[in-house]
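Please open the model in a viewer and keep the selection tool at hand. The stops below can be taken in order.

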Amino acid sequence: MGSSGAERAAERLLLAALCSVCQALQDGMLFPTESPSREVKDVSGLWIFRADESPERSRGFEQQWYKSPLAETGPVIDMPVPSSYNDITQDAQIRDFIGWVWYEKDVWVPARWIQDRGTRIVLRVGSAHYYSVLWVNGVKVTEHVGGHLPFEADISGVLRQTSGNQCRITIAVNNTLTLETLPPGTIQYMTDRSRYPAGYFVQNTNFDFFNYAGIHRPVLLYTTPKAHIDDITVETTFSDNIGLVSFNVSVLGSSKAAVKVTLSAQDGRCVASADGSRGVLKVTDVNLWWPYLMHENPAYLYSMEVSVHRTSEDGQTDVYTLPVGIRTVKVTSTQFLINNKPFYFHGVNKHEDADIRGKGFDWPLVVKDFNLMKWMGANSFRTSHYPYAEEILQMADRHGIVIIDECPGVGIKDIRSFGNVSLAHHLTFMEELVRRDKNHPSVVMWSVANEPASEMPPAGFYFKELVSHTRSLDSSRPVTYITASNYARDLGAPYVDVICVNSYFSWYQDPGHTELIGLQLNTQFDNWYGKYQKPIIQSEYGADAVPGLHSDPPMMFTEEYQKTVLQNYHNVFDQKRKEFVIGELIWNFADFMTSQSIIRVVGNKKGIFTRQRQPKAGAFLLRERYWRIANETGVGFTYLGHFCCTSLI
Ligand code: GCB
C-alpha cells in the first residue's frame, strides 16, 4: 500500500464521516422485533469473505467486486457472521489485516414480501467495524461510519427493481482508524529502507484492546408496513404510587395515521392506554424498575404496545411492543439516586471479547457473563470502551443490572483529535447512541469518553460542548467522562455530573508497593471531592494476574498480588463510601486481547475471570465483598451459593 493509498483511504473515511454528519438521525433506530405486522429474518451465519490484499487495498472498488458474485472475483474463504475475522484463520496476515475486507451472502426473500407493495423491506447490520459500504444485488444501498452502532437501509425498491426474491448482500468493511474516527488512530509509513520494505505501514492506536474487525453483530432482514412506527421515546417518573410514562411516537409513510398506546403489566393486565402520538400514561400502584439486589422484585418491566392504523387507503396497521421500566435517576453532591434511594455501584468493567470470535456477538457468552455477574453480586457494569450489542442492554433491563453506557471516545490523546471534524463526529455519535439506547431502564448514565487528554487546552471547549449536547439529547440521565488526569489540570471535569476516576496505584505508579495504596487513594478522593464537590466513582482499578501464578509474599502478576491490590483499595472505599464515593468498578471482569507489546502477555490479564470465564482468586474476594455490600445497602439477602441459579430460572 503506497502512501497515496493510505491518503485515499483516509479521505474516503473522512468524506464518509462528513456525509454521516449530514445524514444522521433522519430516522429512528428501533430494535427489529416481530409483531403481527412485522417479520424478522436473521441472515447471519456463514458468509464468504475476501480481504483486498492489493497494495493500495483499492482493487475491490476498482474492479467493482459488488457487481458480481464475490467468488468470481478471486479466492474467497468461509467467514462466520457475527464474528471478528481476525482469529478465524491460521493466517497472521488476516489477523493483523488493515484495510478493506469484503463479505457476501446470497439469501432468499419471501415472495410475499416482494409482491405486497405495502411491505417495506429493511436490511440491518447490528454493527460492523469500522467503516462499511452495503450493496444489494450490486446496487449501493448505504454506508456507515462507526464500529459499534447499527445501520440499516430500506431495500424494497432495489429488490423490486432487480432480481426479485434473490438478494445478494455485499458488505465492504474497513478498519482503518484516523485522527477523526472514534476511537482515533493513525497509519504510519516506515520509510527507513534498511529496516522496512517499501510500502510498509503500521496502525498506531492509544487504546488497550485489540482492534478486532468485521461484522460483529447479527445481520437482519425485517419488514414493516409502509406506514410504520419509526421511533418511540419514553421517559418515566413517579410520585407516591403513581407511575408516569411520557411517550412520543414518530410515524413515517403516512400523513393520516391513528396512534394507540397500551401499557400492560407483567401478568398481561392493561394498566393504562392513550390515543395520539404524544402523551402521558398514568399507572396506579406502580411497580418500579429496581436494580438487582436493591429490591426483592427487581427489573420489573411493563410492555408498551404501540399501534398505528392508517386511516386512509388500505387501512394498514403497524404494531411495535417496547419493554418499559419505570424509574428515576438523580445525582446530588454526594449520592447517586435511583427511585430516590441511594445506589452504590458495585460492579465491573467489561469488554466484548472472547476466544476465536473476538468481538462477535455470541449468546452463550452473553448469558454466561450475566450468570457470573449475578453470582458475584455485581449490580452494574460500564460498557468500556464502546457501546455494546442491544441484546446485552435488553438482558440488563431484564435482570436489573445497571449500565454506564460509553461511547468509543477512547484514546483521544493527540491534540489534532480535538478539532472541529472530530467534535462534529463525536456529537453525531452521541446522537446515534442516545437514539439507540434512550429507552433502556438499565442505562443510568452516559459516558462520552475514556481517559482523553483532558489537560490539553482544547479539552475545555470540547467537553463542554460534548456534555451539554448529550444533556440536550437526554435530560433524564447524568453525563460523565472517565478521567485519569490530575484533578488540578482536568479541563472537562467542571462540566460532568459525576466524577469517574481511573487509577492504578502500585501498578503503573510505584509498581510492587501495595503499602502505598491507602495513602494515595485517600489523597486522590480528597483532592477531587475538595475541588468539585461531586460524587465520585472509582471507574477502574486493578492489577494483572496470570492465572495459576502464585507467590507469598505477593509479587506482581500473581493471583495473590491482584488480591492484595484489591483489598487495599477496598479499605479506602469502605471509608469513602460513607461520604461521597458512589461506586467501584473493577478493571476488568475478564482477561481480554490487546495488540502485541512488551507489557502484555497475550493480552491484558487484569480480569478477575480468565478469558474463558474461570475465576481467579480475586473473583472470590469480590464475591464476598459485593454480597456483603448488597446485604448492607439492599433489602437484606442471605449469602447463598445457589442464589444466582435460582434467580435466573
Ligand atoms: C486504563 C484503560 C484501560 C486499560 C487499563 C489497563 O486506564 O482505561 O483501557 O486496559 O487501564 O489495564 O492498563
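The tour of this predicted model goes from an annotated domain to the cysteines, then to a histidine and a surface patch.

Start by selecting residues 41-225. The unreviewed UniProt entry places the feature "domain: Glycosyl hydrolases family 2 sugar binding" on this range. Colour the range by secondary structure: 42% of it is strand and 10% is helix. The C-alpha atoms at its two ends are 16 Å apart.

Next, select Cys-167. Its relative accessibility is 0%, so Cys-167 counts as buried.

Move on to Cys-407, also with a relative accessible area of 0% and therefore buried. Which cysteine has the sulfur closest to that of Cys-407? It is Cys-500, but the two sulfurs are 14 Å apart, too far for a bond, because a disulfide requires cysteine sulfur atoms within 2.5 Å. The disulfide count for the model is 0.

Now show helix H11, residues 559-576, and pick out His-570 within it. Is His-570 buried or exposed? With a relative accessible area of 5%, His-570 is buried, since the cut-off for buried is under 20%. Display the side chains around it: beyond its neighbours within four places in sequence, His-570 contacts Tyr-541, Glu-584, Leu-621, Leu-622 and Arg-625.

Finish at the surface with Tyr-508, in the loop that runs between strand S30 (499-502) and helix H10 (517-532). Tyr-508 is partly exposed, at 45% relative accessible area. Add Ile-598 and Ile-599 to the selection; together with Tyr-508 they make a nonpolar surface patch of about 400 Å².

Notes: Residues numbered from 1 in each chain as written. Predicted model: local features only at pLDDT ≥ 70, side-chain atom pairs only at ≥ 80, totals over all residues. Heavy atoms only, no water. Helix = DSSP H or I, 4+ residues; strand = E, 2+ residues; numbered from the N terminus. Buried < 20%, exposed > 50% of the residue type's maximum accessible area, 1.4 Å probe, protein only. Contact = heavy atoms within 4.5 Å. Patch = residues over 30% accessible without salt bridge, like charges linked within 9 Å, V, L, I, M, F, W, Y side chains within 5 Å. Areas by Shrake-Rupley, 256 points an atom, 1.4 Å probe, with all protein chains shown as cover. Salt bridge = Lys/Arg side-chain N within 4 Å of Asp/Glu carboxyl O. UniProt positions renumbered as here; feature names shortened; annotations may be inferred.
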